[in-house]
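I sat down with this one to look up a few things, chain by chain and residue by residue. Here are my notes, in the order I made them.

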Amino acid sequence: MTDVRDTDMMGAEVLDESLWKIRMRLLWRSFKRNWALFSQSKMGVVGVVIVGFFGFLAILHPILMATAWKGQEAIYDPVIGADSVIVEKTVVTEVTDPSTEMSFTEAMITGEFFPEEGMIIEVPIAPAPPNAKHLLGTDPFGRDIFSQLMFGARAAFILGVIAATSAVVLATVVGSVAAYYGGWMDTWLMRQADLILLLPLLPLLIVIGSFWEIGLWQLGILIGILSGLGATAIILKSQALSVKVKPFNDAARVAGGGNRHIIVRHIIPNVLPLSFLFMMFEVTGAIFLEATLSFFGLLSIPMSWGIMINTSHTQGYTLFGLRAWWLLFPAGLAVTLFAAGFFLIGRAMDVVVNPRLRTR
Amino acid sequence: MTQTVSRDTPMLEVRNLVMNYGTKDGMVSAVEDVSFTLARGDSLGLVGESGCGKTSIALSLIRLLPDNAVVKQGEVILDGENMLELSPEEMRMRRWDDISMVFQGAMNSWNPVYRVGDQIREAIDIHWDEKPTVREANAKIAELFELVGIDPSMMERYPHEFSGGMKQRAVIAMALSCDPKIIIADEPTTALDVIVQEQVLEELRQIQHDLGMSIIYISHDIAVIAEITNHIGVMYAGKLVEYGPTVDVFARPRHPYSWLLLSSTPSVTGPRMKLAPLEGEPPNLLDPPSGCRFHPRCPFATDRCVAEEPPMEDIVEGHRLACWNHDQVPTTAKETE
Amino acid sequence: MVRFIGKRLLQMGLLFIVFLTILFFLLNAQPGDISQQFVGNPDIPPEAKEILRARLGLDQPLFFQYLNYVKNVLTLNLGQSFDHFPRPVSEILLQALPRTLYLFLTATLLSYLVGFQTGKLVAWKRDTPIERFTMVGSIILYTVFYPWFAILMLWFFGSKLGLFPLGKFLDPEKWFDSPYTANQVFNMMLLSALVAAILVGAVYWFTHKIVEPKPRQRARRLLLALVAIGMVVFWMVSPMSQYAADIAYHTILPVTTLTLVFYAAITLLTRSSMLETLREDYIFTARAKGVPEKVIRDRHAARNALLPVTTSFVLSIAAVIGGGIVTESIFSWPGLGLTLLNAVTAEDIPVAMGALAFIGFLALVAHLIADILYAVLDPRIRVES
Ligand SMILES: Nc1ncnc2c1ncn2[C@@H]1O[C@H](COP(=O)(O)OP(=O)(O)O)[C@@H](O)[C@H]1O
Ligand code: SF4
Ligand SMILES: [Mg+2]
């Protein structure tokens with residue numbers, strides 16, 4: 001928090017070096033200091049690793065599509081691709097192992113000919129278990145799960161960034177304005193925040209999702225607005241309030257700084273660290289909402305982790321559990337881990353931002 | 001071990017108490033070889049700059065130190081019995097019964113969700129030999145409230161309905177509720193505004209006089225100590241540097257630190273000249289100065305002070321201090337007026 | 001206190017009107033006029049369209065439509081379902097309401113009771129293996145993607161172990177010759193729980209005037225035991241008991257699943273609230289008074305740590321409702337949430353909007369109750385200085 005002030009004071013001295021160089025160096029120094037604090041929390045580092053892993057997956061997808069899977073969009077595209085893995089099965093009277101054997105009736109339906117005992121026929125299966133061609137198998141429509149997983153990571157990042165950025169930008173402005181001006185402006189903004197906090201968010205979004213076509217961007221901005229005017233605004237306002245009473249604001253005012261100048265140059269920079277912290281929690285919330293709405297099939301998103309779960313659920317694989325683990329586990333774990341990653345980062349950042357929480 | 005405790009054994013005797021706090025940067029030497037006695041019905045003031053270890057001593061006496069604190073050495077003998085040897089459960093039963101405390105932040109000493117009377121009764125229920133009925137306990141609380149100047153009906157009220165001064169008085173009433181042998185008052189008036197401070201001090205002195213109990217009064221404000229105690233201990237950086245009858249120490253502080261402390265505070269009894277200001281900061285107790293801990297700030301310091309630690313010695317009967325060059329210290333400021 | 005509640009009631013009423021306003025704008029902003037929506041539905045006669053237009057006052061200016069809407073909702077005049085034409089919306093919703101209430105109340109109460117105790121003990125046993133284990137478990141439960149977790153629970157306990165029925169509210173075979181409807185039995189269950197709660201409250205209220213703690217405790221124990229015996233006897237002799245047992249059996253898995261997640265959240269919250277409280281001066285005072293450690297933990301620390309936990313409930317109402325909807329959907333629990341989801345899928349706008357209004361109302365009532373509870377728990381609010 002003090003770093004911003006450092007920059008200003010140093011800037012006034014203007015040594016031989018140019019101003020931005022000094023700023024960069026100070027920034028780097030404060031980054032190193034904060035990282036040292038942050039990395040004290042093992043959980044926080046775990047969070048960074050998790051998020052990094054998903055970042056890698058998200059980048060990997062377009063690369064794979066352009067190299068290894070080039071020209072094979074029909075197979076590997078997460079949405080319109082389809083591939084059925086061919087399995088050879090022996091026709092038997094009594095089926096003991098469904099993965100290598102099949103009954104006469106089944107053979108008749110799939111084979112379009114009259115089967116005989118002991119005959120080996122080739123059957124396409126979807127969902128197919130993991131194999132060399134599809135590392136994580138295919139979904140009930142024959143689409144590659146690994147490809148969907150990577151594509152979903154990208155969707156998750158896009159949504160997270162939109163929601164978190166819009167929420168925090170909005171909340172920072174609202175919080176700073178409410179704290180700085182006070183009076184009716186404060187009352188209005190805060191009552192509004194209370195109201196938003198009371199709204200049953202999920203049911204509301206369910207209805208909105210059924211009235212309009214909601215895509216990733218719309219959802220991100222919607223979440224951003226609701227949260228930025230709601231809970232996040234309240235928290236950032238109290239932070240801004242504590243910054244407002246600091247002496248350098250009076251100094252700035254005495255020096256002839258206008259309201260907007262003081263808000264932009266002094267209050268907002270001091271609220272920023274906390275804003276940044278809340279972006280992490282925001283991502284967690286946004287991902288959960290998206291995945292839940294997708295799970296209900298209420299969003300117009302081509303593919304996401306929530307849709308992957310929705311597909312297996314609606315296609316009746318819910319109770320297959322471990323027998324079709326590649327349908328339920330990669331997507332479910334991805335949502336959980338992704339959200340947990342940001343949550344852990346947020347908790348560890350809390351220690352950096354709130355000196356009160358530091359250990360002795 | 002039955003011991004006949006004669007009328008003139010001291011109520012409390014602290015011998016060579018050493019207490020450290022373990023931190024991740026090392027040991028904080030918060031109490032270093034402190035010894036003093038407190039006679040029956042007597043009042044002792046502990047004075048010194050903030051952070052010199054006054055609270056640490058108080059907490060050692062009632063054995064309520066934070067987890068990272070270690071009592072390295074010493075004895076705390078209360079009425080003939082070493083408190084440091086009691087089991088935790090025995091010690092718990094002694095707290096408040098034998099030693100009660102009025103705290104530094106007495107404003108927040110009350111649990112906000114219970115009535116003040118009920119919180120006092122909690123102590124009574126634990127410590128009275130025969131557990132009284134609610135009616136009996138309330139009668140006692142009413143009596144105590146009268147004593148400290150609060151309307152007895154207030155015991156039905158919650159802490160937030162009390163003003164700061166009333167809360168502090170109620171704490172005093174609570175401290176008296178089990179007729180303790182000693183009361184430790186740690187900065188009891190620091191958080192109050194000046195007028196209320198005066199009133200509370202006056203009441204405290206009155207009560208101590210009336211009930212004839214022993215009291216240890218802790219403050220960073222030497223003027224306050226002068227008003228209500230008859231013995232005084234001056235602490236510096238974890239060490240007791242001067243101990244004696246309040247009148248004597250005030251009339252003639254012989255330790256350079258006491259002398260500076262007295263001359264740099266506005267006088268209790270009249271205007272005083274500023275002889276030498278007390279400069280510098282108290283030392284970091286993680287790594288206290290060698291020899292006499294005061295030497296970096298002492299105007300009389302010599303090489304010997306840096307190398308050797310001065311022992312606590314009786315200069316006059318009952319007036320002890322630790323300084324190599326105490327004869328250099330001018331006679332009191334008053335005389336130079 | 002009465003003034004406080006009155007003020008809150010008024011606020012909540014206002015908030016509900018604001019909520020209805022939002023709903024009205026949603027309804028109006030949606031693409032197309034509502035009466036156009038069911039042109040394609042062959043089940044609905046054309047006259048119904050005119051009735052609907054008249055009921056909603058669609059020919060009148062927007063502001064009158066708005067007033068009309070608010071009046072309709074407040075008088076439970078919600079129209080007829082498109083999907084189950086001509087069942088009135090209010091009937092559908094009133095049937096679903098108790099089921100949601102049950103899920104919501106049981107899960108909330110259980111998770112708060114158990115979570116608070118766990119959080120309290122965990123904070124007290126800081127830096128022990130038990131603490132670490134509980135913390136890791138709670139963080140996992142707290143961050144797990146809830147629909148996925150619910151599916152796994154259903155699969156594991158319902159399908160793999162076969163311990164519990166797979167979703168649904170009751171077992172039709174057992175109800176084949178039942179003289180009661182499911183709702184009758186269910187409402188009786190809720191009613192008896194309510195009566196028990198009121199009796200327990202009454203016991204505390206009447207014994208609270210006994211000054212001495214010993215006789216007070218004795219009286220309380222005796223009366224509470226009487227209430228408990230009364231409940232047991234009532235259900236033993238009641239002819240409904242076998243059906244009630246069937247419903248109760250069906251509720252175990254959904255309630256447990258929903259409870260687990262909130263339980264984790266409450267545990268985490270109570271722990272940090274306890275750790276804050278343990279640093280307070282009055283805890284130190286209690287120690288100095290010689291209060292035994294267990295009493296310090298329960299009567300001093302936990303009692304105060306309860307306050308922020310109660311406040312947090314207000315903030316988590318939205319989350320609880322969201323979790324409830326997911327639970328109802330995955331366990332086929334026919335409450336308001338499932339009704340809402342089905343209505344949305346079937347484009348049954350009257351039911352969807354009605355369900356939304358009901359849920360919003362529930363949220364406000366929950367908020368009101370939490371506020372009052374907080375005031376009861378915190379004398380700084382209850383007793384004005
Ligand atoms: N829990 C603790 N851990 C480490 N150091 C402590 C702790 N409590 C007090 N100290 C240190 O011990 C010294 C004495 O503190 P204290 O007894 O509170 O002084 P006083 O009451 O005279 O102001 C100070 O330097 C303080 O920083
Ligand atoms: S011993 Fe030396 S340094 Fe210490 S107080 Fe005396 S003169 Fe000063
Ligand atoms: Mg102190």
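**Entry 1: a leucine in chain B**

I started with L262(B), which I found in helix α9 (residues 256-264) of chain B. This is a predicted model, so I kept that in mind from here on. Is L262(B) buried or exposed? Its relative accessibility is 4%, and since buried means under 20%, L262(B) counts as buried. I then checked its distance to D221(B): the two are 41 residues apart in sequence, and their C-alpha atoms are 9.9 Å apart in space.

**Entry 2: two positive phi angles**

Next I looked at backbone angles. Most residues other than glycine have a negative phi. N16(B) is not a glycine, yet I read a positive phi of about 45 degrees for it. I located N16(B) in strand β1, which covers residues 12-23 of chain B. With 34% relative accessibility, N16(B) counts as partly exposed.

E187(B) also caught my eye, with a positive phi of about 45 degrees although it is not a glycine. Where does E187(B) sit? I traced E187(B) to the loop between β7 (182-186) and α6 (194-211) of chain B. Its relative accessible area is 6%, so I noted E187(B) as buried.

**Entry 3: chain B as a whole**

I stepped back to the full chain. I counted 11 helices and 12 strands in chain B. How does its radius of gyration compare with the globule rule? The radius is 21 Å and the rule gives 20 Å for 337 residues, which is close, so chain B is as compact as a globular protein of that length. Along the principal axes, the C-alpha atoms of chain B fill a box of roughly 65 × 45 × 45 Å.

I also looked up burial and found that 53% of the 337 residues in chain B are buried. For contacts in chain B between residues at least 6 apart in sequence, I noted that 65% join residues at least 24 apart. The exposed area of chain B is about 14,600 Å², and 49% of it is supplied by carbon and sulfur atoms. On charge, chain B carries 30 positive and 51 negative side chains. The centres of those two sets lie 2 Å apart.

**Entry 4: chain C**

Chain C came next. How many helices and strands does chain C have? I found 14 helices and zero strands, so to speak an unbroken run of α in the pattern read along the sequence. The C-alpha atoms of chain C fill a box of roughly 80 × 55 × 40 Å along the principal axes.

Of its 385 residues, 49% count as buried. I checked the contacts in chain C between residues at least 6 apart in sequence, and 74% of them join residues at least 24 apart. The accessible surface of chain C comes to about 18,800 Å², with 69% belonging to carbon and sulfur atoms. I then took the mean positions of the 32 positive and 25 negative charges of chain C, which are 15 Å apart.

**Entry 5: chain A**

In chain A, I counted 14 helices and three strands. Of its 360 residues, 52% count as buried. Among contacts in chain A between residues at least 6 apart in sequence, 68% join residues at least 24 apart. I put its accessible surface at about 17,500 Å², with 67% of that belonging to carbon and sulfur atoms.

**Entry 6: confidence**

Last, I went through the scores. The model has an ipTM of 0.87 and a pTM of 0.84.

Chain A has a mean pLDDT of 79, and 88% of its residues reach 70 or more. Where in chain A is confidence lowest, and where is it highest? I found the lowest mean, 45, in helix α1 (residues 2-13) of chain A, and the highest, 90, in helix α9 (residues 216-229) of chain A. Over residues 1-14 of chain A, pLDDT stays under 50, and the model has 17 contacts beyond four places in sequence for this stretch.

For chain C, I noted an average pLDDT of 85, with 95% of the residues scoring at least 70. Confidence in chain C is lowest in helix α2 (residues 46-56), at a mean of 70. The highest value in chain C, 92, goes to helix α10 (residues 281-288).

Note on methods: Residues are numbered from 1 along each chain as its sequence is written. Chains are lettered from A and ligands numbered from 1 in the order in which they are written. Side-chain values use heavy atoms; hydrogens and water are left out. pLDDT is the predictor's confidence in each residue, from 0 to 100. Helices (H or I, at least four residues) and strands (E, at least two) are DSSP runs, numbered from the N terminus. Contact means heavy atoms within 4.5 Å. The radius of gyration is taken over C-alpha atoms; the globule rule is 2.2 Å times the number of residues to the power 0.38. Buried means under 20% relative accessible area, exposed over 50%, partly exposed in between (1.4 Å probe, protein chains only). Accessible areas come from the Shrake-Rupley method with a 1.4 Å probe; for residues, only the protein chains shown count as cover. Lys and Arg count as positive and Asp and Glu as negative; His and the chain ends are not counted. The place of a charge is taken as NZ of Lys, CZ of Arg, CG of Asp or CD of Glu.
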